Amino acid sequence: MSKFDGFDDYRSSRDFESGKGVTLDLGKGRSVTIHRAGGSNLKYIKAISRLARKYKTSMASMDVDLDNKLMAEVYAATIVVDWSGFTSGGEPIPCTVENVKEFLVEFPVVFDAIKDAASNVSNFLVEQVQEDSENLGNL
């Protein structure tokens, strides 16, 4: 328990950040379950650190296409943990690192939405996730 009153609504959950994750509705029966880009998601932090060391540069100064491909690899391995409603020819597409990477590169607008959601700490706050779940009738 914290000695600081009134900040319980700012508590994030390790379970949401790097355990079961939080689910984003992409519409039309599609959803992705993600971890936080930061916080207690040490796999993400280590992957970003490895990239920075390998390329010895800021991601901001990289070619956009290379940056997107590298970030898709990181997100596929450390952020997107599950999906549903993804099909090809009516058959479900399994949520594998390779399939996620391919999807993120092919659909950069969705990738941007996932990056925004994974970077937004409010998506991983205990109170917010509970409220969202109640609003969706999932609790």
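This is a short walk through the structure above, from its overall layout to its core and one of its pockets. Please keep in mind that the model is predicted.

Let us start with the chain as a whole. It has six helices and five strands, and from the N terminus on these elements run α-β-β-α-α-β-β-β-α-α-α. Of the 139 residues in the chain, 32% are buried. If you look at contacts with a separation of 6 or more, residues 24 or more positions apart account for 56% of them.

A good place to begin looking is the pair of strands S1 (residues 22-27) and S2 (residues 30-34), which run antiparallel and are joined over five bridges. Within this pairing, Leu24 of one strand faces Val32 in S2. The two strands make a hairpin with two residues between them. In that turn sits Lys28, whose phi is positive, at about 55°.

From Val32 we can move on to the largest nonpolar core. Nonpolar side chains tend to be buried together in soluble globular proteins. Here the core holds 27 residues, and Val32, Ile34, Tyr44, Tyr75, Ile79, Leu104 and Ile114 are those that touch the most other members. At least two residues each come from S1, S2, helix H2 (42-55), helix H3 (64-78), strand S3 (80-84), H4 and helix H5 (108-119). H3 is the biggest contributor, with six residues.

Tyr44 is worth a closer look. Setting aside neighbours within four places in sequence, Tyr44 is in contact with Arg36, Ala37, Gly38, Met71, Val74, Tyr75, Thr78 and Ile79. Two of these partners, Tyr75 and Ile79, are also on the list of core residues that touch the most other members.

Next, turn to helix H4, where you will find Val100. Val100 counts as buried because its relative accessible area is 1%, under the 20% cut-off. Beyond its neighbours within four places in sequence, Val100 is in contact with Ala76, Val80, Trp83 and Cys95. Phe111 lies eleven residues from Val100 along the chain, and the C-alpha atoms of the two are 10.0 Å apart.

Helix H4 also leads us to the second largest pocket, which has a volume of about 240 Å³. Its lining has 13 residues, and Trp83, Phe86, Ile93, Phe103 and Phe107 are the closest to the centre. H4 (residues 97-106) gives the most to this lining, with four residues. By type, the lining divides into seven nonpolar, three polar and three charged residues. Trp83 links this part of the tour to the previous one, since Trp83 is among the contacts of Val100 and also among the residues closest to the pocket centre.

Terms used. Residues numbered from 1 in each chain as written. Predicted model: local features only at pLDDT ≥ 70, side-chain atom pairs only at ≥ 80, totals over all residues. Heavy atoms only, no water. 1 Å grid on protein atoms, 1.4 Å probe; cavity = no way out; pocket = protein on both sides within 12 Å on 5 of 7 lines; lining within 4 Å. Points joined across faces, edges and corners; volume = space filled by probe spheres on them. Nonpolar A, V, L, I, M, F, W, Y, C, P; charged D, E, K, R; others polar. Pairing = 2+ DSSP bridges. Buried < 20%, exposed > 50% of the residue type's maximum accessible area, 1.4 Å probe, protein only. Contact = heavy atoms within 4.5 Å. Core = buried A, V, L, I, M, F, W, Y, C linked by side-chain atoms within 4.5 Å.
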